[in-house]
Amino acid sequence: PIYTVDETDEKIAFTMRVPDVELKDINIEIIDGRVMHISGKKRMERKGMVSETSFDKRFALGRNFDQDHITAKLNKKKGELTVETPKVKEVEAAEKIKMISIAE
């Protein structure tokens with residue numbers, strides 16, 4: 001998918017085009033406190049045929065984001081997923097995988 005990354009002094013925002021993708025088919029994880037992994041699938045049905053495509057994107061994150069306050073929102077009308085994280089002073093990377101919930 002097409003994506004943009006917007007960074008200010010206060011936050012980092014990732015916006016990804018995901019038209020016709022359902023909320024239940026998108027996963028967002030923070031891996032080892034350093035990598036944001038966004039994956040998902042899109043199901044399409046045409047003339048009785050069902051096809052499925054998947055996407056997988058990883059973003060390297062610095063040490064200056066607040067992993068505990070990441071927000072994600074799916075705008076189905078626009079077909080956009082936006083993930084935002086506030087910036088903080090550099091912190092120790094977490095040694096775990098953190099799942100991020102997505103709001104509609």
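## Glu52 and the salt bridges

Glu52 is partly exposed, with 46% relative accessible area. In this predicted model, its side chain forms a salt bridge with Arg43, and the closest N and O atoms are 3.5 Å apart. If you search the whole structure, you will find 6 salt bridges.

Another one joins Asp20 to Lys42, with 4.0 Å between the closest N and O atoms. Asp20 sits in the loop between strand 2 and strand 3, while Lys42 belongs to strand 4, so this pair ties together parts that are 22 residues apart in sequence. Is Asp20 buried or exposed? Its relative accessibility is 61%, so Asp20 counts as exposed.

Now look at Lys24 and Asp25, whose side chains also meet in a salt bridge, at 3.4 Å from N to O. The two partners have contrasting surroundings: Lys24 is exposed, with a relative accessible area of 66%, whereas Asp25 counts as buried at 10% relative accessibility.

## A cluster of rings

Next, find the aromatic side chains. The structure holds 2 aromatic pairs. In one of them, Tyr3 and Phe59 meet edge-to-face, with 5.1 Å from centre to centre and 85° between the planes. Tyr3 lies in strand 1 (residues 3-7) and Phe59 in strand 5, so the pair ties together parts that are 56 residues apart in sequence. Tyr3 is partly exposed, with a relative accessible area of 36%, but Phe59 counts as buried at 7% relative accessibility.

Phe59 also pairs with Phe14: their ring centres are 4.8 Å apart and their planes stand at 50°, so this pair is tilted. Here, too, distant parts of the chain are linked, since Phe14 is in strand 2 and Phe59 in strand 5, 45 residues apart. Both Phe14 and Phe59 are buried. Through these ring pairs, Tyr3, Phe14 and Phe59 are linked into a cluster. A charge joins the picture as well: the charged end of Lys57 sits over the ring of Phe59, 5.6 Å from its centre.

## Strand 2 and its partners

Which strands pair with Phe14's strand? One partner of strand 2 is strand 1, and 5 bridges join the two, which run antiparallel. They form a hairpin with 3 residues between them. You can spot Tyr3 again here, standing opposite Met16 in strand 2.

Strand 7 is another partner: strand 2 pairs with strand 7 in the antiparallel sense over 7 bridges. Within this pairing, Thr15 stands opposite Thr82 in strand 7. How many of the 7 residues in strand 2 are buried? The count is 5, and strand 2 is mostly covered.

## The nonpolar core

In soluble globular proteins, nonpolar side chains tend to be buried together. The largest nonpolar core in this model has 21 residues, and Val18, Ile26, Ile28, Met36, Ile38, Leu81 and Val83 touch the most other members. Several strands give two or more residues to this core: strand 2 (11-17), strand 3 (26-31), strand 4 (35-46), strand 5 (49-60), strand 6 (71-75) and strand 7 (80-86).

Ile26 is a good residue to explore on your screen. Setting aside its neighbours within four places in sequence, which residues is Ile26 in contact with? The list is Val18, Val21, Ile38, Ser39, Gly40, Phe55, Leu74, Leu81 and Ile102. Among these contacts, Val18, Ile38 and Leu81 also belong to the core members that touch the most others.

How values were computed:
Residues are numbered from 1 along each chain as its sequence is written. This is a predicted model: local features need pLDDT of at least 70, side-chain atom pairs count only at pLDDT 80 or more; totals for chains, interfaces and linings use all residues. Side-chain values use heavy atoms; hydrogens and water are left out. A nonpolar core is a set of buried Ala, Val, Leu, Ile, Met, Phe, Trp, Tyr and Cys residues joined through side-chain atoms within 4.5 Å. Buried means under 20% relative accessible area, exposed over 50%, partly exposed in between (1.4 Å probe, protein chains only). Helices (H or I, at least four residues) and strands (E, at least two) are DSSP runs, numbered from the N terminus. Contact means heavy atoms within 4.5 Å. Rings of Phe, Tyr and Trp (its six-membered ring) pair if their centres lie within 6.5 Å; planes under 30 degrees apart count as stacked, over 60 as edge-to-face and the rest as tilted. A charge sits over a ring if NZ of Lys or CZ of Arg is within 6 Å of the ring centre and within 35 degrees of the ring normal. Two strands pair if DSSP finds at least two bridges between them.
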